[in-house]
Each structure stands twice: as structure tokens, then as C-alpha cells.
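This briefing concerns one protein chain, presented below with its sequence and coordinates. The notes that follow are grouped by topic for use alongside the display.

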Amino acid sequence: MAAISDLSFMYRWFKNCNLVRNLSDKYVFITGCDSGFGNLLARQLVDRGMRVLAACFTEEGAQKLQQDTSYRLQTTLLDVTKTESIKAAAQWVRDQVGEQGLWALVNNAGVGLPSGPNEWLTKEDFVKVINVNLVGLIEVTLHMLPMVKKARGRVVNMSSCGGRVAVIGGGYCVSKFGVEAFSDSIRRELRYFGVKVSIIEPGNYRTAILGKEGLEKRMRKLWERLPPETRESYGEEYFRIYTDNLKSTMQLAEPRISEVTNSMEHAIVSRSPRIRYNPGLDAKLLYLPLAKFPTPVTDFFLSRYLPRPADSV
């Protein structure tokens, strides 16, 4: 058993240290670089000497990132919900990489709100999240794939543990389940072209994805716009406990987001990238086991997190 354990360790060590050659000549395009994972990853890859093409949503975010890094990083503006913006970004990337192609596409841009009990949300609430996290990711990928194929490179898609088990209502988990399916399908198709696809499934990390407005204020807005009969069916106590549980979850979020960006970096620079990365102890010890349990068992554990509505049977 000790020999097997040693061999397993050596194999993992070799895969982690077996890096792609000539990284300083390779281009990486990252979406969602204003803050959070995308911003930190862009800085890490610049420090490694790679050529980074960073897409930001705001002019302010693009300027700050450009000022804080080196000539090896170039920025552009991108709204992943707008086809014309995606086309313009794709042409910009094409002009940058030329015949060399694009080594890595990192689909990082994402939003988490609005989220909450599904009945409290509208179709527009779902669409707002799904358009960024899933539809935008798909359209960016389709426009960049010819350049990635030319380089025989990588696609790295940001999913979530919420893409393995639906832990909250709204468009977030719906979109991440879609990211999982899209990533699985293109991975099987693109392997014939020498392209590898990795999925990042982090646990609960502290980023700007939940916005700057206070959680209780956001939940209160959802609550107060509900029809009176819907509010009565849940009850004020449900609202209070549900909101308190969400606040507790946010307070427990891991601040060391480098655990996630290190996984993303490995997917880009390793000759043997993993199909799935699960940074975070909560991902490994809670969410992934919940995703693999029989459905009634998972339902039992997750239902402990939800309060009982006033009109429950």
C-alpha cells in the first residue's frame, strides 16, 4: 500500500510539474477581469511571462489593470451579453495573436444575482444571470474556437459546485449546470483537434459576484415586490431565517481566491490539465459528496438549510 501511495504521489507531482514549453510566447484571453478571479489570474499569468489579453466590462477596470501590470498585458472592453461586443473582441484577439493562434480561452465572466427562492423571482431575473454565465460563455467560445484550434490550445470554463448540486434558486445554478453540459460536449468534440477543455468548480469564495449592495437589502426588495398572497404563504419568519442563512453562508466564504486562480493557471500551463478542478474544502467535503449521494439523501441534507413556510403541509 505504501508503494502504491508513493507511486500515486509521484504521478500527481509529475503531472503538476510537467509544464508547456515556450509559455512566454503564448496568448491567453480572459473574460471578466475587472475584479475577482479574472483580475488575479491575469496578474499571475503576466508574472509568469505569458501574453495576456484581458477583457473587462468597464473602462475603469481595464485602465486600472493595465496600469498595474506590464506591456505583456493588453485590455479590451467586452459585454458578453452583446453579440457585437463579442465579435469586436474576437477580431481584436485575432489581430493580436495572428497566425500563432490563441493558446487559452478562459471564460471567467459571471454574475450571481438575482438569486433566492425560485417563486420570488421573475423570468427576467433568470435571463439576466443565464445570459452572462451561460449564453455569453457559449457565444464567446464559438467566436474564439478557430483561434484556439489553430494553437491546439485550451478552453477553461468557470463553473461552480452549484453546477453539480443546486444549492440555491434562481439562474445561477441553472446556468452553471449548463456550463457543465456545454463543457463536456465540446471537450469530447475538440479532443480530435488537440484542444483540451477544463472546468473550474470552486466552492464558496469571497468575490464581487454577489454585488456591492447589502444582502438583506436585496432580499427585502425581492420580498416586498411579491404579491400579498405569496408573502403570506411563506411568512415573515421564512424571509428572516432564509436571509440569515444566506448571510451566514457569505460570512463563511473563503477569502483566499488564489486557490481558484492557481487551479485556473494549472489548466493553462500544464501539459496534463485536469478535466475538473474543485478548489475549496467545502467543495471537496460537502458539495461534491452531496452531488453524488442518492437524490433523496441530498434532498434531506439541503432541506435542513431551508426554513418551513407558513403554509407548509
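Methionine 158 is found in strand E5, within a model that is predicted. With a relative accessibility of 6%, methionine 158 falls under the 20% limit and therefore counts as buried. Strand E5 belongs to an open sheet of seven strands, and the points below proceed from this residue to the sheet, then to a helix and a cavity.

**Methionine 158 and its surroundings**

- Leaving aside residues up to four places away in sequence, methionine 158 touches Phe37, Asn107, Asn108, Lys176, Val179, Ile200, Pro202, Val260 and Met264.
- Between the C-alpha atoms of methionine 158 and lysine 217 there is a separation of 28 Å, the two residues being 59 residues apart along the chain.

**The sheet as a whole**

- The seven strands follow the order E3-E2-E1-E4-E5-E6-E7, and their pairing is parallel.
- E3 and strand E7 (276-277) occupy the edges with a single partner strand each, so one side of each has no neighbour in the sheet.
- Strands of a sheet pair through backbone hydrogen bonds, in either a parallel or an antiparallel sense.

**Strand E5**

- Five of the five residues of E5 are buried, so this strand is largely enclosed by the rest of the structure.
- Arg154, Val156 and Met158 point one way from E5, whereas Val155 and Asn157 point the other way.
- In a regular strand, side chains alternate between the two faces of the sheet.

**Strand E6**

- Four of the five residues of strand E6 (residues 196-200) are buried, so E6 is largely enclosed by the rest of the structure.
- E6 runs parallel to strand E5 (residues 154-158), and five bridges join the two.
- Within this pairing, valine 155 has valine 197 of E6 as its bridge partner, and asparagine 157 stands opposite isoleucine 199 in E6.

**Strand E4**

- Which residues cover the two faces of strand E4 (residues 104-107)? Ala104 and Val106 lie on one side, Leu105 and Asn107 lie on the other, and all are buried.
- E4 pairs with E5 in the parallel sense over four bridges.
- The bridge partner of alanine 104 in E5 is arginine 154, and asparagine 107 stands opposite asparagine 157 in E5.
- E4 also pairs in the parallel sense with strand E1 (residues 27-30), over three bridges; here valine 28 stands opposite alanine 104.
- Alanine 104 thus appears in both pairings, opposite valine 28 and as the bridge partner of arginine 154.

**Helix H3 and leucine 65**

- In helix H3 (residues 59-68), the buried residues are Gly61, Ala62 and Leu65.
- These residues cover an arc of only 100° around the axis, which puts them on the same side of H3.
- On the other side of H3, Glu60 and Gln67 are exposed.
- The packing partners of the buried residues of H3 are helix H2 (36-47), strand E2 (51-56) and strand E3 (73-77).
- Leucine 65, located in helix H3, has 1% relative accessibility and therefore counts as buried.
- Not counting residues up to four places away in sequence, leucine 65 touches Cys33, Asn39, Ala42, Arg43, Ala54, Cys56, Leu73 and Thr75.
- Leucine 65 and aspartate 34 are 31 residues apart along the chain, while their C-alpha atoms are separated by 7.5 Å.

**Internal cavity**

- How many cavities of 30 Å³ or more does the model contain? The count comes to one.
- The largest cavity holds about 50 Å³ of space.
- Its lining consists of Thr31, Val80, Asn107, Asn108, Ala109, Val132, Gly136, Leu137 and Val140.
- By class, five of the lining residues are nonpolar, four are polar and none is charged.
- Helix H5 (residues 123-151) supplies the largest share of this lining, with four residues.
- Asn107 and Asn108, which are among the lining residues, are also among the residues touched by methionine 158.

Notes:
Residues numbered from 1 in each chain as written. Predicted model: local features only at pLDDT ≥ 70, side-chain atom pairs only at ≥ 80, totals over all residues. Heavy atoms only, no water. 1 Å grid on protein atoms, 1.4 Å probe; cavity = no way out; pocket = protein on both sides within 12 Å on 5 of 7 lines; lining within 4 Å. Points joined across faces, edges and corners; volume = space filled by probe spheres on them. Nonpolar A, V, L, I, M, F, W, Y, C, P; charged D, E, K, R; others polar. Buried < 20%, exposed > 50% of the residue type's maximum accessible area, 1.4 Å probe, protein only. Arc of directions from axis to C-beta. Contact = heavy atoms within 4.5 Å. Pairing = 2+ DSSP bridges.
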